[in-house]
Amino acid sequence: MKIMTQLMTEDGIRCDGRRVDQLRNISIKVGVLKNADGSAYIEFGKNKILAGVFGPRDVHPKHMANQDTGILRCRYHMSPFSVTERKNPAPSRREIEISKVLKEALQPALILKDFPRTVIDVFVEVLQADGGSRCAALDAAAVALADAGIPMRDLVSACAAGKVADRIVLDVNNEEDQEGQADMPVAIMPNVGKVTLMQLDGILTTEEYKTCLQTAIGGCRTVYEIQRKALVEKYFESGDK
Amino acid sequence: MESAILDQLRSDKILELLKQGKRLDGRSLDEQRPLTIETGVIPKANGSARIKLGNTEVITGVKVQPDKPFPDLGDKGILICTAEILPLADPYVEPGPPTEGVIELARVVDRGIRETEMIDLHQLVLIEDKSVVGIFIDSSVIDSAGNLFDACSYASVAAVLSSTIPKYEIKDEAPVLVEGITSKPPVKTLPVSVTMARIGDYIIVDPSKEEEICMDARITITTNSAGNICALQKGGSDGFSVEQLIKCSEMALSVGTKIRKKFEQLM
């Protein structure tokens with residue numbers, strides 16, 4: 001039988017000790033891979049995710065190339081050892097769907113028209129997963145794209161909000177995702193002011209929907225500062241190079 | 001195959017009309033195409049529906065059969081929703097493994113029915129942790145003319161509403177079918193999916209194939225009978241502003257109410 005964890009104490013402390021409006025610890029490192037044109041490593045709570053970017057480069061297979069614009073491809077993949085029970089390494093339907101929504105979340109930030117007949121490949125590897133991995137993956141991928149020197153309109157910053165123990169909370173963790181009432185991953189282009197990824201699982205009233213969206217966007221803005229700091233650290237402050 | 005030039009001209013025309021509050025097929029911005037629902041079209045299935053949303057046409061069949069529960073969900077029956085675009089539905093669809101677009105379609109339809117908790121899965125348990133009833137809802141798009149998300153969702157909901165659940169008895173720890181006794185599925189709420197497209201600054205409901213070609217972004221929102229928002233998926237290669245997302249949620253609720261009335265007639 002399933003043992004229900006208590007997701008929130010009476011004074012609003014969550015199962016991992018956070019307040020309702022508190023993000024997990026996030027750290028981002030830029031330029032962690034030698035062969036990739038751009039790369040980033042993110043730790044988002046217990047999530048450990050690598051992102052590598054290649055391109056713009058020649059398209060293979062060739063028939064995928066577009067004369068009028070560059071194309072973006074994205075692969076989100078979980079390592080077999082990233083979750084409690086071993087995951088079959090073949091891409092699951094969930095991973096294929098996430099690959100698609102990540103691509104569509106990043107695409108508005110890129111100026112692909114400037115690179116016709118080429119492809120930008122974004123590879124994301126979830127080494128350890130802990131709830132909210134698609135948001136963390138997106139945060140790393142956006143930084144990796146910037147690290148690759150690819151022209152961008154804006155960064156893309158992602159964070160989820162949700163409903164746990166009848167309250168709207170920021171940054172849903174694994175336990176809260178499994179047993180909570182709703183999970184809403186959101187990504188924004190912070191300066192352009194557009195929402196480029198949004199999904200929802202779970203039941204919200206219209207008021208909760210608005211609060212949840214605003215809460216998630218608040219989280220995205222905090223993540224954005226961390227992404228910026230990580231890029232500044234690599235490009236303007238790395239004295240030891 | 002139509003040329004890219006025609007696509008471009010049509011896109012320009014669509015945008016020009018939107019500025020006057022009109023659409024290519026004469027609909028208003030928040031108007032869906034006519035929806036017709038026919039149920040019981042496949043007698044061998046436990047439930048079925050054939051729906052037309054404009055020129056988009058979907059057949060959904062429900063099969064009910066005993067199964068083992070998922071390891072961590074021993075107190076719930078099984079619910080699986082799939083969707084497929086048949087090669088005969090569209091000149092650009094080929095046989096073979098599903099594309100990411102089709103996988104998304106199936107998962108968004110599944111999410112709408114699952115997250116609204118349309119079916120009370122707790123009532124489908126025969127022996128806890130050992131034997132449960134599974135409800136398999138399989139949709140086939142047979143003619144593709146835009147907004148497959150809502151078409152598959154409506155067909156799935158209609159097929160479930162028209163279905164009958166056979167009775168199973170446990171003999172020697174195995175489920176055995178009891179002939180001649182059926183019941184209605186344990187339906188708790190009616191999910192209604194509403195898909196909207198953003199073209200420029202305009203939000204339109206139920207995009208046609210032509211509108212999908214030139215849309216900037218897409219959003220599917222599923223609501224339940226109580227007026228809550230239960231599932232959502234943004235798609236397409238651009239985004240939405242926060243104001244647009246709030247407007248979309250309001251449109252999903254108001255448009256959804258009309259569709260829900262159609263479902264209520266099936267109950």
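How many bridges join strand β9 of chain B to β10(B), and do the two strands run parallel or antiparallel? Four bridges join β9(B), residues 192–199, to β10(B), and the two strands run antiparallel. The model in which this pairing is found is a predicted one, and the pairing belongs to an open sheet of eight strands that holds strands of chain A as well as strands of chain B. The points below begin with that sheet, then turn to the contact between the chains, to two pairs of helices, and to chain A taken by itself.

**The sheet shared by the chains**

- The strands of the open sheet follow the order β7(A)-β6(A)-β8(A)-β9(A)-β12(B)-β11(B)-β9(B)-β10(B), and their pairing is antiparallel.
- β7 of chain A (167–170) and β10 of chain B (202–205) stand at the edges with a single partner strand each, so one side of each is left without a neighbour in the sheet.
- From one strand to the next, the twist averages 20°.
- Helix α4(A) packs on this sheet, where it touches β6 (157–164), β7, β8 (182–189) and β9 of chain A together with β12 of chain B, and the direction of α4(A) makes about 145° with that of β6(A).
- Within chain B, Arg198(B) stands opposite Ile203(B), a residue of β10(B).
- Across the chains, strand β9 of chain A (residues 194–204) pairs with β12(B) in the antiparallel sense over four bridges, and Gln199(A) stands opposite Gln233(B) in β12(B).

**The contact between chains A and B**

- Chain A brings 28 residues to the contact, and chain B brings 26 residues.
- On the side of chain B that touches chain A, α2 (100–115), β12 (229–235) and α5 of chain B each supply at least two residues.
- β12(B) gives the most to that side of chain B, with seven residues.
- By character, the residues on the side of chain B that touches chain A divide into nine nonpolar, nine polar and eight charged.

**Helix α4(A) against helix α5(B)**

- The axes of α4 of chain A (residues 206–236) and α5 of chain B (residues 242–266) come within 11 Å and cross at roughly 155°.
- Because angles over 145 degrees count as roughly antiparallel, α4(A) and α5(B) are roughly antiparallel to each other.
- The crossing in which α4(A) passes α5(B) is right-handed.
- On the α4(A) side the contact is made by Thr206(A), Tyr209(A), Lys210(A), Leu213(A) and Ile217(A), which meet Val242(B), Leu245(B), Ile246(B) and Ser249(B) in α5(B).
- Six nonpolar residues, two polar ones and one charged one make up this contact of α4(A) with α5(B).

**Helices α2 and α3 within chain B**

- The axes of α2(B) and α3 of chain B (residues 148–161) come within 9 Å and cross at roughly 45°, which means that α2(B) is oblique to α3(B).
- α2(B) passes α3(B) in a right-handed crossing.
- Among the residues that meet here are Leu105(B), Val108(B) and Ile113(B) in α2(B), and Phe149(B), Cys152(B) and Val157(B) in α3(B).
- The residues of the contact of α2(B) with α3(B) divide into eight nonpolar, three polar and no charged.

**Chain A by itself**

- Chain A has four helices and nine strands, and from the N terminus on its elements run β-β-β-β-α-β-α-β-β-α-β-β-α.
- Taken along the principal axes, the box filled by the C-alpha atoms of chain A is roughly 55 × 40 × 40 Å.
- The radius of gyration of chain A is 18 Å, which agrees with the value near 18 Å that a compact globule of 241 residues would have.

Definitions and conventions. Residues numbered from 1 in each chain as written. Chains lettered and ligands numbered in written order. Predicted model: local features only at pLDDT ≥ 70, side-chain atom pairs only at ≥ 80, totals over all residues. Axes fitted to C-alpha atoms, helices over the stretch in contact; angles between N-to-C directions. Parallel < 35°, antiparallel > 145°, perpendicular 65-115°, else oblique. Left-handed = near helix turned anticlockwise from the far one by under 90°. Contact = placed C-beta atoms within 7 Å. Nonpolar A, V, L, I, M, F, W, Y, C, P; charged D, E, K, R; others polar. Pairing = 2+ DSSP bridges. Rg over C-alpha atoms; globule rule 2.2 N^0.38 Å.
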